[in-house]
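Student: I should like to examine this model term by term and to ask what stands behind each label. May we begin with the structure itself?

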Amino acid sequence: MSRIAYFGPQGTFTEQAARTLTADDELLPVETIPAALAAVRKGEADAACVPVENSVEGPVTATLDGLAEQELLVAVAEALLPVHFSVLARTDDAPIRTVASHPHALAQVRQWLEVNLPDARPVAAASTAAAAVAVQEGEFDAAVTAPVAAEHYPLRVLATEVADVRDARTRFLLLRPPGTLPEPTGADRTAIVAAAANRTGTLAELLTELATRGINLTRLDARPTKGNFGEYLFFMDFEGHISEPRIGDALAALRRRCSGLRFLGSHPRADRVAATIQTGASNDDFTGAVDWVAAVRRGELA
Ligand SMILES: O=C(O)C(=O)C[C@]1(C(=O)O)C=C[C@@H](O)C=C1
């Protein structure tokens, strides 16, 4: 049985994601994303489950920053959860003057709050479930939470199915120390973070290495290096698996061009969308071309 640290406490969306990604594993709630990653790095957990990307509010920067620094962690699986919220309050009839939640959650219900709780001040909490705990303890009046939080905390449900954007989704990663990679499935995602020289055209050059090999980018985020002002790390997700010749070829090219390159994992996509392969960019095309060069070198082909 593995121990999986997840961004808790109990009742977060991340707990729901961890349950879909693990079987009989022991789930360990921790208060922050850095703490979940640290638990794996310190050997207190075998894997960590954390959010990485939301379809409305974009990247979860604590996860990106945590993956770029310290010991390498590699994503081995992902989950994609639909995100709509419940609004919970204490059972007394106190007026709702403050409403707490994770900043990503507040951003996804801004319009709903303006219409339904116009006098309530939004307050950032460590997570949606941490907001529920704070309401229970009397610190805030209401919390915007995952629906499952209502089962964990004895609070009054003011509203359900709350979301400014229908069909919003959050993607979560299961991260482990480097080891055996998941097998390729034909519907995989590879993630890297690249450091490149601060000069004209650098990012365009990196993207061109992917584009010329027909590799479809699924996410691009920039985060400051936190060193020199104006210098960035580029997080790229793209279709495919490192075991495929076309992906290996692209990664080798990026490795040559970047001053630093971290491989952050190749794993099956939660939505099972197969990679788009352009003419001339299939794995057979890549291996066939390498074989042809080898034959020419041996003097077997003109
Ligand atoms: O606070 C939680 O419940 C989380 O799992 C975090 C998180 C996020 O980081 O985006 C996950 C999904 C929702 O979009 C809101 C919050």
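Tutor: Helix H6 (residues 128-136) lies across S6, strand S7 (98-101) and S9, and runs at about 160 degrees to S9. This is a predicted model, in which local features need pLDDT of at least 70 and side-chain atom pairs count only at pLDDT 80 or more, while totals for chains, interfaces and linings use all residues. Residues are numbered from 1 along each chain as its sequence is written, and side-chain values use heavy atoms, with hydrogens and water left out.

Student: What makes H6 a helix, and what is meant by the angle of about 160 degrees to S9?

Tutor: Helices (H or I, at least four residues) and strands (E, at least two) are DSSP runs, numbered from the N terminus. Axes are lines fitted to C-alpha atoms, for helices over the stretch in contact (heavy atoms within 4.5 Å). Angles run from 0 to 180 degrees between N-to-C directions, and H6 stands at about 160 degrees to S9.

Student: Which strands form the open sheet, and in what order?

Tutor: The order is S8-S7-S9-S6-S10, five strands with mixed pairing. The edges are strand S8 (121-124) and strand S10 (156-162), each of which pairs on one side only. From one strand to the next the twist averages 25 degrees.

Student: How do you know that strand S6 and strand S9 pair?

Tutor: Two strands pair if DSSP finds at least two bridges between them. Strand S6 (residues 85-89) and strand S9 (residues 142-145) have four bridges, in the antiparallel sense, so the pair satisfies the definition. Val87 stands opposite Val144 in S9.

Student: Why is the contact between Glu53 and Arg171 called a salt bridge?

Tutor: A salt bridge is a side-chain nitrogen of Lys or Arg within 4 Å of a carboxyl oxygen of Asp or Glu. For Glu53 and Arg171 the closest N and O atoms are 2.8 Å apart, so the pair qualifies. The pair links distant parts of the chain, with Glu53 in strand S3 (residues 47-54) and Arg171 in strand S11 (residues 169-176), 118 residues apart.

Student: Is Arg171 buried or exposed, and what of Glu53?

Tutor: Buried means under 20% relative accessible area, exposed over 50%, and partly exposed in between (1.4 Å probe, protein chains only). Arg171, at 4%, is therefore buried. Glu53, at 22%, counts as partly exposed.

Student: What makes Arg41 and Glu71 a salt bridge?

Tutor: Their closest N and O atoms are 3.9 Å apart, and the limit is met. Arg41 lies in helix H2 (residues 33-41) and Glu71 in the loop between helix H3 (61-68) and strand S5 (74-82), so the pair ties together parts that are 30 residues apart in sequence. Glu71 is partly exposed, at a relative accessible area of 49%.

Student: How many salt bridges does the rule give?

Tutor: The count comes to 24. One of them joins Asp271 and Arg269, with N and O 2.9 Å apart. Asp271 is partly exposed at 32%, whereas Arg269 is buried at 8%. Elsewhere, shared partners join Glu53, Glu78, Arg171, Arg189, Arg219, Asp221 and Asp237 into one network.

Student: What sets the phi of Asp167 apart?

Tutor: Most residues other than glycine have a negative phi, and most peptide bonds are trans. Asp167 has a positive phi near 65 degrees; this residue lies in the loop between S10 and S11 and, at 72% relative accessibility, counts as exposed. Lys226, with phi near 70 degrees, is in the loop between strand S13 (217-224) and strand S14 (232-239) and is exposed at 56%.

Student: Which residues does the cis peptide bond join?

Tutor: The bond joins Gly8 and Pro9, with omega about 5 degrees. Pro9 is in the loop between strand S1 (3-7) and helix H1 (13-21).

Student: How do you know that Thr14 makes a polar contact with the ligand?

Tutor: A polar contact is a pair of N or O atoms within 3.5 Å; within protein, one must be able to donate a hydrogen and the other to accept it, and residues adjacent in sequence count only if both atoms are side-chain atoms. A ligand oxygen lies 2.5 Å from an N or O atom in the side chain of Thr14, so the criterion is met. A polar side-chain atom of Thr128 lies 2.4 Å from a ligand oxygen, and a polar backbone atom of Phe13 lies 3.0 Å from one.
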